[in-house]
Amino acid sequence: MELFDLTGKTVVLLGGSGVLGSAMAHALMSAGADVAFGDRRFANAVENCGCLAGYKGRAMPFEMDAKSRPSLEAARVRILEEFGKVDILVNAVGGNRPDATTNAGTDFFDLSADALAEVVNLNLMAGAVIPAQVFGKAIVRNPSGGAIVHVSSLNAMRPLTRVPGYSAAKAAVSNFTQWLAVDLARAHGDLIRVNAIAPGFFLTEQNRFLLTNPEDGTLSERGTSILHSTPMGRFGEPDDLAGTLVWLCSDASRFVTGIVVPVDGGFSAFSGV
Ligand SMILES: NC(=O)c1ccc[n+]([C@@H]2O[C@H](COP(=O)([O-])OP(=O)(O)OC[C@H]3O[C@@H](n4cnc5c(N)ncnc54)[C@H](O)[C@@H]3O)[C@@H](O)[C@H]2O)c1
């Protein structure tokens, strides 16, 4: 199991206060990592770090706005002071918004361009590009190098109905993951790897309004259809991401770069027949 050991590694976990990010923090700390916990919701980051006190590694909260390069650069200075290096960046910032989603009353033609642009900005720029610039630089300056892990989505492979901005943005996250993997491997050899996880359907705050009926919490038509298209017949649990995440962060995947791993209960493999 040594190959999967993250003891002594400093992980910058962005979006660490989110549903999937919180579970990722437990996975990383179970593998021995120290976690610099970044979120724009600082109070939640502090609370989550409190929940991580039982692990042998150190968890520390940092207020970070992933859309803002100055905010991340200021955090990078403080993280380097505290931990001395950055080995790994895990970026779980992202999401969709109701006003960028078509529904019975709003078709594509009426969607707010600003809302769509905001979703692309959140998922592509904050969810991948800007943090990779800021923390990737610290990783390549670290003599032992490290890894970057983005969070894409199944939307990236085949767009889902109703969420045009989110689908396009996640396709761009997967594409950028491959681009950056190639660029950094050509510049730095095997010093830094870049991969992504594409979660299937996890019932979280960002998609509850799409997957359940607000009146009684029962499955919406869309939620029912998703379960029919998921061979394992259930939504994902945040902990289902743990093994893939630790694998992509650790030496166990040391010759793996530029891939997007579906963690989806078979959704992307199922033809529907
Ligand atoms: N939930 C799912 O079913 C699902 C499926 C596929 C992909 N994803 C992706 O997984 C990732 C995490 O999703 P989640 O369901 O945990 O979402 P979430 O909304 O629970 O968590 C997102 C976190 O990011 C933080 N955040 C948002 N903007 C930020 C910013 N500018 N700077 C710093 N932090 C910011 C939020 O405060 C929040 O803590 C996202 O990229 C999402 O698109 C989720």
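How many of the six residues of S2 are buried? Select S2, residues 34-39, and you'll see that six of the six are, so the strand is largely enclosed by the rest of the structure. Keep in mind as you click around that this is a predicted model.

**Stop 1: strand S2**

Show the side chains of S2. Asp34, Ala36 and Gly38 sit on one side, while Val35, Phe37 and Asp39 sit on the other, and all are buried, which leaves both faces of S2 covered. That back-and-forth pattern is what a regular strand does: its side chains alternate between the two faces of the sheet.

Now bring in the neighbours. S3 runs parallel to S2 and is joined to it by five bridges; pick Asp39 and look across to its bridge partner in S3, Glu63. S1 also runs parallel to S2, again joined by five bridges. Here, two pairs are worth labelling: Leu13 with its bridge partner Phe37 in S2, and Val12, which stands opposite Ala36.

**Stop 2: strand S1**

Select 10-14, strand S1. Five of its five residues are buried, so S1 too is largely enclosed by the rest of the structure. Thr10, Val12 and Leu14 point one way, Val11 and Leu13 the other way.

**Stop 3: the whole sheet**

Zoom out and colour the strands. You have an open sheet of seven, in the order S3-S2-S1-S4-S5-S6-S7, with parallel pairing. At the edges stand S3 (59-63) and S7 (260-263); each has a single partner strand, so one side of each is left without a neighbour in the sheet. Look along the strands: neighbours are turned by 20° against each other on average, direction ignored.

Next, hop to S4 (88-91) and S5 (146-151). They pair in the parallel sense over four bridges, and Val90 has Val149 of S5 as its bridge partner. Buried or exposed: what are the residues of S5? Six of the six are buried, so S5 is largely enclosed by the rest of the structure. Gly146, Ile148 and His150 make up one face, and Ala147, Val149 and Val151 the other.

**Stop 4: helices on the sheet**

Select helix H1, residues 19-30. H1 packs on the sheet and touches S1, S2, S3, S4, S5 and S6, with its direction at about 170° to that of S1.

Then pick helix H8, residues 242-249, which lies across S1, S4, S5, S6 and S7 and runs at about 145° to S5.

**Stop 5: the core, through Leu28 and Cys249**

Stay with H1 and click Leu28, which is found in that helix. Leu28 has 29 C-beta neighbours inside 10 Å, so it counts as buried. Beyond its neighbours within four places in sequence, its contacts are Leu6, Val11, Leu13, Ala33, Val35 and Cys249. Try a distance label too: the C-alpha atoms of Leu28 and Thr10 are separated by 9.8 Å, with their positions 18 residues apart along the chain.

Follow the contact to Cys249. With its neighbours within four places in sequence left aside, Cys249 is in contact with Leu6, Val11, Leu28, Ile88, Val90, Ala147 and Val149.

Both residues belong to the largest nonpolar core, which has 71 residues; Leu13, Leu28, Val35 and Cys249 have the most contacts inside it. Which helix or strand gives this core its largest share? Select H4, which supplies eleven residues.

**Stop 6: around the ligand**

Centre on the ligand. Of the 30 residues around it, Gly15, Gly18, Leu20, Gly94 and Phe202 come nearest. Helices H1 and H4 (113-141) each supply at least two residues of this shell. Colour the shell by class and you'll get 13 nonpolar, eleven polar and six charged residues.

**Stop 7: two residues away from the core stops**

Go to Glu2, in the segment before S1. Glu2 counts as exposed because it has 8 C-beta neighbours inside 10 Å. Add Ser250 to the selection: the two are 248 residues apart in sequence, yet 9.4 Å apart in space, C-alpha to C-alpha.

Finish at Arg162, in the loop between S5 and helix H5 (164-188). Its phi is near 80°, a positive value in a residue other than glycine. With 16 C-beta neighbours inside 10 Å, Arg162 counts as partly exposed.

Terms used. Residues are numbered from 1 along each chain as its sequence is written. This is a predicted model: local features need pLDDT of at least 70, side-chain atom pairs count only at pLDDT 80 or more; totals for chains, interfaces and linings use all residues. A residue is near a molecule or strand if its C-beta atom, placed from the backbone, lies within 6 Å of it. Ala, Val, Leu, Ile, Met, Phe, Trp, Tyr, Cys and Pro count as nonpolar, Asp, Glu, Lys and Arg as charged, and the others, Gly among them, as polar. A nonpolar core is a set of buried Ala, Val, Leu, Ile, Met, Phe, Trp, Tyr and Cys residues joined through C-beta atoms within 7 Å. A residue is buried if 20 or more other C-beta atoms lie within 10 Å of its own, exposed if 12 or fewer, and partly exposed in between; C-beta atoms are placed from the backbone. Two residues are in contact if their C-beta atoms, placed from the backbone, lie within 7 Å. Two strands pair if DSSP finds at least two bridges between them. Axes are lines fitted to C-alpha atoms, for helices over the stretch in contact, and angles run from 0 to 180 degrees between N-to-C directions.
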